[in-house]
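Trainee: I would like to go through this protein with you and ask why each feature gets the label it does. Could you set the values against the cut-offs as we go?

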Amino acid sequence: CALPILQVFCLLAVLTPWPAAAQSQDAPPSTPTAEAAPRIGPISGLALPRYVALRASEVNLRTGPGLRYPIDWVYKRSGMPVEVVDEFETWRRIRDWEGSIGWVHQNMLTGDRRALVVGKQRLLRRSPEDRAAGLALLEPGVIARLTRCAGGWCQLKVKGIEGWLREDEIYSVKPGENVR
């Protein structure tokens with residue numbers, strides 16, 4: 001690139017990224033982030049991330065792991081499922097169904113599996129099939145006890161009624177996760 005006009009063009013060519021279409025279709029997928037890879041909690045020895053539920057009807061979500069950190073949010077629903085994503089001493093960093101992240105004391109959590117109905121009204125079915133008879137209509141935000149999941153379906157218990165929803169109709173199950 002000896003001529004001034006060509007020098008500008010060469011500089012632009014170096015600074016401009018190639019369009020995505022120019023990349024090879026055979027390129028391997030990107031490596032998942034460290035947070036996405038399952039790991040073991042340094043305090044509990046349990047898997048991270050993992051789903052648990054709020055134990056109390058009032059739980060403070062703090063900006064850091066300790067009482068000296070300010071309260072960012074107060075949860076008002078006992079049994080609401082949350083995902084534990086990290087641990088520090090007696091504190092657990094959680095993520096809720098809307099993506100909010102913060103710290104709660106371990107005593108405010110229970111290992112009981114719960115599910116939160118998401119999206120729109122859902123038909124709780126008698127068996128794990130799209131054609132199965134309906135037992136109840138569940139509103140978004142309903143919390144149910146999660147009994148088990150397999151094959152893309154989860155068995156739930158709500159106010160004495162036991163039935164099935166697809167795993168994508170609830171929050172608290174990873175795609176393809178088997179729960180027993």
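Mentor: Happy to. Let us begin with Asp96, which is buried yet has no salt bridge.

Trainee: What makes you say that Asp96 has no salt bridge?

Mentor: A salt bridge needs a side-chain nitrogen of Lys or Arg within 4 Å of a carboxyl oxygen of Asp or Glu. For Asp96 the nearest side chain of opposite charge is Arg95, and that is 7.6 Å away. For charge, Lys and Arg count as positive and Asp and Glu as negative, while His and the chain ends are not counted. Buried, by the way, means under 20% relative accessible area, exposed means over 50%, and partly exposed is in between (1.4 Å probe, protein chains only).

Trainee: Before we go on, what kind of model is this, and how are residues numbered?

Mentor: It is a predicted model, in which local features need pLDDT of at least 70 and side-chain atom pairs count only at pLDDT 80 or more, while totals for chains, interfaces and linings use all residues. Residues are numbered from 1 along each chain as its sequence is written, and side-chain values use heavy atoms, with hydrogens and water left out.

Trainee: Where does Asp96 lie, and what does its side chain reach?

Mentor: Asp96 is in the loop between strand 7 (91–95) and strand 8 (101–105); strands are DSSP runs of E with at least two residues, helices are runs of H or I with at least four, and both are numbered from the N terminus. The side chain of Asp96 reaches the backbone nitrogen of Glu98 at 2.9 Å. A polar contact is a pair of N or O atoms within 3.5 Å; within protein, one must be able to donate a hydrogen and the other to accept it, and residues adjacent in sequence count only if both atoms are side-chain atoms. Leaving aside residues up to four places away in sequence, Asp96 also touches Tyr75, Met80, Val82 and Tyr171, where contact means heavy atoms within 4.5 Å.

Trainee: Tyr171 also belongs to an aromatic pair with Tyr51. Why is that pair called edge-to-face?

Mentor: The structure holds one aromatic pair. The ring centres of Tyr51 and Tyr171 are 5.5 Å apart and the planes stand at 90°, so the pair is edge-to-face. The rule takes rings of Phe, Tyr and Trp (its six-membered ring) with centres within 6.5 Å, and calls planes under 30 degrees apart stacked, over 60 edge-to-face and the rest tilted. Tyr51 in strand 3 and Tyr171 in strand 16 are 120 residues apart, so to speak of distant parts of the chain is fair. Both tyrosines are buried.

Trainee: How do you know that Glu58 and Lys76 form a salt bridge?

Mentor: Their side chains meet at 3.1 Å, N to O, which satisfies the 4 Å limit. Glu58 lies in the loop between strand 3 and strand 4 (59–62) and Lys76 in the loop between strand 5 (71–75) and strand 6 (81–88), so the pair ties together parts that are 18 residues apart in sequence. Glu58, at 47% relative accessible area, is partly exposed, whereas Lys76, at 56%, counts as exposed.

Trainee: And what makes Arg113 buried, while its partner Glu177 is partly exposed?

Mentor: Arg113 has 18% relative accessibility and counts as buried; Glu177, at 21%, counts as partly exposed. The closest N and O atoms of their salt bridge are 3.1 Å apart.

Trainee: How many salt bridges are there by this rule?

Mentor: The count comes to twelve. One of them joins Asp168 and Arg166, with the closest N and O atoms 3.5 Å apart. Salt bridges that share partners join Arg122, Asp130, Arg166, Asp168 and Glu169 into one network.

Trainee: What is notable about the backbone at Lys159 and Ser172?

Mentor: Phi is positive in both, near 45° for Lys159 and near 125° for Ser172. Most residues other than glycine have a negative phi, and most peptide bonds are trans. Lys159 is exposed at 84% relative accessible area, and Ser172 is buried at 1%.

Trainee: Which peptide bond is cis?

Mentor: The bond joining Leu48 and Pro49, with omega about -5°. Pro49 lies in the loop between strand 2 (47–48) and strand 3 (50–54).
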